[in-house]
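Visitor: I would like to learn how to read a structure of this kind step by step, beginning with its strands. Could you take me through it?

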Amino acid sequence: RGPAGRFATRARRAVGRGFAITLLLRYLLDTCRDVADALDASRAVPVNLAYNVAMVDRSGAAALVQLAPDREPIVVHGASYAANRQGATEWHEHAVMSETVAREVRLAGALAEPDLTREGLERVFLTEPVYRPLARHTWGTVYTASYDAADAAVRLLWPDDAWEIHLDDPAEGTRTRETVFTLPPLLARHHEVPHVPQVIFA
């Protein structure tokens, strides 16, 4: 009954003591009634890395909150977008690898279209550069989730398939996908995307 949320990870190099985003998002979904409630909660919980978290609730309220371990959260209300950075690029290698600038430009262009529909926005997310095939990219798209907060429903999307789930009356089911994906060379990964241990306090 609370808000829907999603996150983009590793927006900046900052590392600190705090929770992994998966635990924070689970906490927000389990305990918060709406976007305002979730924003208050997210300000009170430290995170270990920099994340962009987008939220929407049944009233239509929406917000994007930029979380980081080294500064206070930054909140953007209303229609917004983000990929894998927070404002100006601070981590050039990561921005190049994830094509964050090109993806943000495409999203901004789509949101500026006056007649944009949900289906039209879904097509943007299923088209490159926003969509990144795992067979060609080490930082790729596993699936796209399109939320209808008013109807408490979510569509899980792939270029060749879609699965709609109504959360008030969920039906059991499965989708089996065969995925070809690219693994990064270990040496290149060591230099371009340093490993950072997850620091979690429970």
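Guide: Let us begin with a hairpin, bearing in mind that this model is predicted. Strand 6 is joined to strand 7 by a hairpin that passes through two residues. The two strands, residues 153-158 and residues 161-166, run antiparallel and are held in register by six bridges.

Visitor: Which residue of strand 7 is the bridge partner of Leu-156, and which is the bridge partner of Trp-158?

Guide: Leu-156 has Trp-163 as its bridge partner, while Trp-158 is partnered by Asp-161. As a general idea to carry along the strands, side chains in a regular strand alternate between the two faces of the sheet.

Visitor: In what order do the strands of this open sheet lie, and which of them are the edge strands?

Guide: The sheet is an open one of three strands in the order 5-6-7, with antiparallel pairing. Strand 5 and strand 7 are its edge strands, because each of them pairs on one side only. From one strand to the next, the twist averages 20°.

Visitor: What lies across strand 5 and strand 6?

Guide: Helix 5 lies across these two strands, and its direction runs at about 165° to strand 5. To see which part of a helix is turned away from solvent, one looks for its buried residues, which in helix 5 (residues 118-125) are Gly-120, Glu-122 and Val-124. The cover over these residues includes helix 4 (100-111), strand 5 (144-148) and strand 6.

Visitor: How many strands form the sheet in the order 1-2-3-4?

Guide: Four strands form that sheet, which is open and has antiparallel pairing. Its edge strands are strand 1 (4-9) and strand 4 (74-77), each of which pairs on one side only, and the twist averages 15° from one strand to the next. Within this sheet, strand 1 and strand 2 (residues 51-56) run antiparallel and are joined by six bridges, and Arg-6 stands opposite Ala-54 in strand 2. Helix 1 packs on the sheet, where it touches strand 1, strand 2 and strand 3 (62-67), and its direction makes about 170° with that of strand 1. Helix 2 packs on the sheet as well, touching strand 2, strand 3 and strand 4, with a direction that makes about 10° with that of strand 3.

Visitor: At what angle do helix 1 and helix 2 pack, and how far apart are their axes?

Guide: Helix 1 (residues 21-31) and helix 2 (residues 35-44) pack at an angle of about 140°, and their axes are 10 Å apart. That angle makes helix 1 oblique to helix 2, since only angles over 145 degrees count as roughly antiparallel. Helix 1 contributes Tyr-27, Leu-28 and Thr-31 to the contact, and helix 2 contributes Asp-37, Ala-38, Ala-41 and Ser-42. The crossing of helix 1 past helix 2 is right-handed.

Visitor: Is Leu-49 buried or exposed?

Guide: Leu-49, which is found in the loop between helix 2 and strand 2, counts as buried because its relative accessibility is 4%, and the cut-off for buried is under 20%. Its C-alpha atom is separated by 8.0 Å from that of Ile-21, although the two residues are 28 residues apart along the chain.

Visitor: Which backbone values deserve a second look, and why?

Guide: Most residues other than glycine have a negative phi, and most peptide bonds are trans, so departures from either pattern are worth noting. A cis peptide bond joins Glu-128 and Pro-129, with omega about 10°, and Pro-129 is found in the loop between helix 5 and strand 5. Glu-99, in the loop between helix 3 (92-98) and helix 4, has a positive phi near 50° and is partly exposed, with a relative accessible area of 32%. Ala-152 also has a positive phi, about 50°; this residue lies in the loop between strand 5 and strand 6 and counts as buried at 8% relative accessibility.

Visitor: How many helices and strands does the chain come to, and in what order do its elements run?

Guide: The chain comes to six helices and seven strands, which run β-α-α-β-β-β-α-α-α-β-β-β-α from the N terminus on. Of its 202 residues, 38% are buried.

Notes:
Residues are numbered from 1 along each chain as its sequence is written. This is a predicted model: local features need pLDDT of at least 70, side-chain atom pairs count only at pLDDT 80 or more; totals for chains, interfaces and linings use all residues. Side-chain values use heavy atoms; hydrogens and water are left out. Buried means under 20% relative accessible area, exposed over 50%, partly exposed in between (1.4 Å probe, protein chains only). Axes are lines fitted to C-alpha atoms, for helices over the stretch in contact, and angles run from 0 to 180 degrees between N-to-C directions. Angles under 35 degrees count as roughly parallel, over 145 as roughly antiparallel, 65 to 115 as roughly perpendicular and the rest as oblique. A crossing is left-handed if the near helix is turned anticlockwise from the far one by less than a right angle, and right-handed if clockwise. Contact means heavy atoms within 4.5 Å.
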